[in-house]
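Open the structure in your viewer and keep the selection tool ready. This tour visits pockets, one stop at a time.

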Amino acid sequence: MLLTTIVFLPVLFALLVTLWPREKSLRHLALGLSLIEFIVSLVILRDFSAATPALQFVEKHMWIERFGIQYFLGIDGISLWLVILTTFLTPVVILGSWTSIEKRVRGFHAALFLLQTAMLGTFLALDAVFFYVFWELSLIPMYFMVGIWGGARRIYATVKFFIFTMFGSLLMLVAIIYMMYLTQEGLGQMSASLLDFYQLKIPFVAGTLLSLQTLLFFAFALAFAIKVPIFPLHTWLPDAHVEAPTPGSVILAGVMLKMGTYGFLRWVIPLFPEAAEHWAWLMLLLGVIGIVYGALVAMVQPDVKKLVAYSSVSHMGYIMLGMFVFNSYGVTGGLYQMLNHGISTGALFLLIGMIYERTHSREISKYGGLAGVLPVFTIFFFIITMSSIAVPLTNGFVGEFLILMGTYQAHPWYAVVAVTGVILGAAYMLWMFKRVFFGEKGQLIMEADHPLHDLNAREIAVLVPLVILVFWMGLLPNHFIDYSKASIEHLVNNRTNYSLPLPGQTPAAPTEAQ
């Protein structure tokens, strides 16, 4: 019942927030409830066995017997930290949005808790239909968060976000239904269980797009690639980030993009191993293009929030690179970078939101000399900037180093091109930092209409846990990596014959699909 509690407790919280009679204490209630969810999720961490790749805390019940659809939840080393990241960022976001969300506060927190359930369900569901329900459910709260609490062009951004993600999801639904029929042919009964999908040996013919495994590979991969997003499917992301309220940007960058990369690790690579290996060159190419393209476009952005949005395109390219080199260094680095990006980019959006509340502008050219006015804010921004550009001793360095090392082992030239992204990333982040914080005081700093005050106690409380994680993950990465090591090695070593054993079981051999 532990995973069920973790997934559905936020639904109860959303109901409590909606019915709470006292408006003044609503934020305190939401913060307290989100901390309860985080503490409950830590029980998983306490009882999790890092020595086995098997699923843990499994909950499995038949849901729709005729179609073999099950209520099936489980966790392993691949999904563990993504669940913890989701429950950790929620109270951070609630505390960070204390003053920025002024209208319909009740509805905002209800939407946030429903979104949390959808994201947690996506990471924990092991039935394809069950997974798809959570995957699609996540669109609805985010749609309203951007559409109601977003900026001037919020309707355009929400419609674009919805159309892109829905298009990819429909193709994935068709593929899921087809694979359910394959289980009936190959296993004798229809099933939507991911474990049964793993047992199928789907025909693959190299050199043709019409191979069954290739078609299914692209149906799933397109849905996940849009969510990541990878070049050239990224165009919805900058608009969504710029128009979203600060908490929406933090959750979008911190967790929702990871739903796409998680989908590749959990679904695409082990389900379609031959197609994944055959088309890895395409994913690697799009990954390195995204790294360089995202960095170059970020460099010329006049809006600091849009700069960080394009930096996400670049950083997510590294994660794609790590996953598709199919070795332990690359996959470990890719999974670790998912966590790093959630921490560092989430923190950047929080910091940008804090200064926007003071100046009501994100235009870089209007800043300058901010360090002399807001010294504490400057220190926090500098630390997170160092994390974002992967300076040694910070979390970002560990993830990018592992990815580049794994990529160099498998495809040296891709690693050489990817390194240019590190250089460009340092260039655009440090250039932005210089223009905003140093030099002559800009227009916004000089204007009396914008009296600037440094970070208050609440804002410091929001940022301190993120800074602690930046250095903890940078100095002691094994505290995090060790939990995922067995699952990653099992995936890498058994990629062509993959199975997720239940507790006490051994992996089953794949069955030929007709």
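Which element gives the largest share of the lining of the largest pocket? Select α15, residues 328-359: α15 supplies 4 residues of that lining. Bear in mind that this is a predicted model.

**Stop one: the largest pocket**

The volume of the largest pocket is about 470 Å³. To find its centre, select Ser-100, Trp-149, Pro-245, Thr-246 and Tyr-356, which are the closest to it among the 20 lining residues. Next, add α10, residues 236-243, to your selection; α10 and α15 are the elements that give two or more residues to this lining. Now colour the lining by residue class: 7 residues are nonpolar, 7 are polar and 6 are charged.

**Stop two: the second largest pocket**

Move on to the second largest pocket, which holds about 330 Å³ of space. Here 17 residues form the lining, and the ones closest to the centre are Trp-81, Ile-84, Leu-469, Trp-472 and Phe-480.

Which element should you select here for the largest share of the lining? Pick α21, residues 457-475, which contributes 5 residues. Then add α2 (26-47), α3 (80-96), α15 and α22 (478-493); each of these, like α21, supplies at least two lining residues.

Keep the colouring by class. How many residues of this lining are charged? There are none: the lining has 16 nonpolar residues and 1 polar residue.

**Last selection**

Finally, show α15 by itself again. This helix gives at least two residues to the lining of the second largest pocket, and 4 residues to that of the largest pocket.

Notes. Residues numbered from 1 in each chain as written. Predicted model: local features only at pLDDT ≥ 70, side-chain atom pairs only at ≥ 80, totals over all residues. Heavy atoms only, no water. 1 Å grid on protein atoms, 1.4 Å probe; cavity = no way out; pocket = protein on both sides within 12 Å on 5 of 7 lines; lining within 4 Å. Points joined across faces, edges and corners; volume = space filled by probe spheres on them. Nonpolar A, V, L, I, M, F, W, Y, C, P; charged D, E, K, R; others polar.
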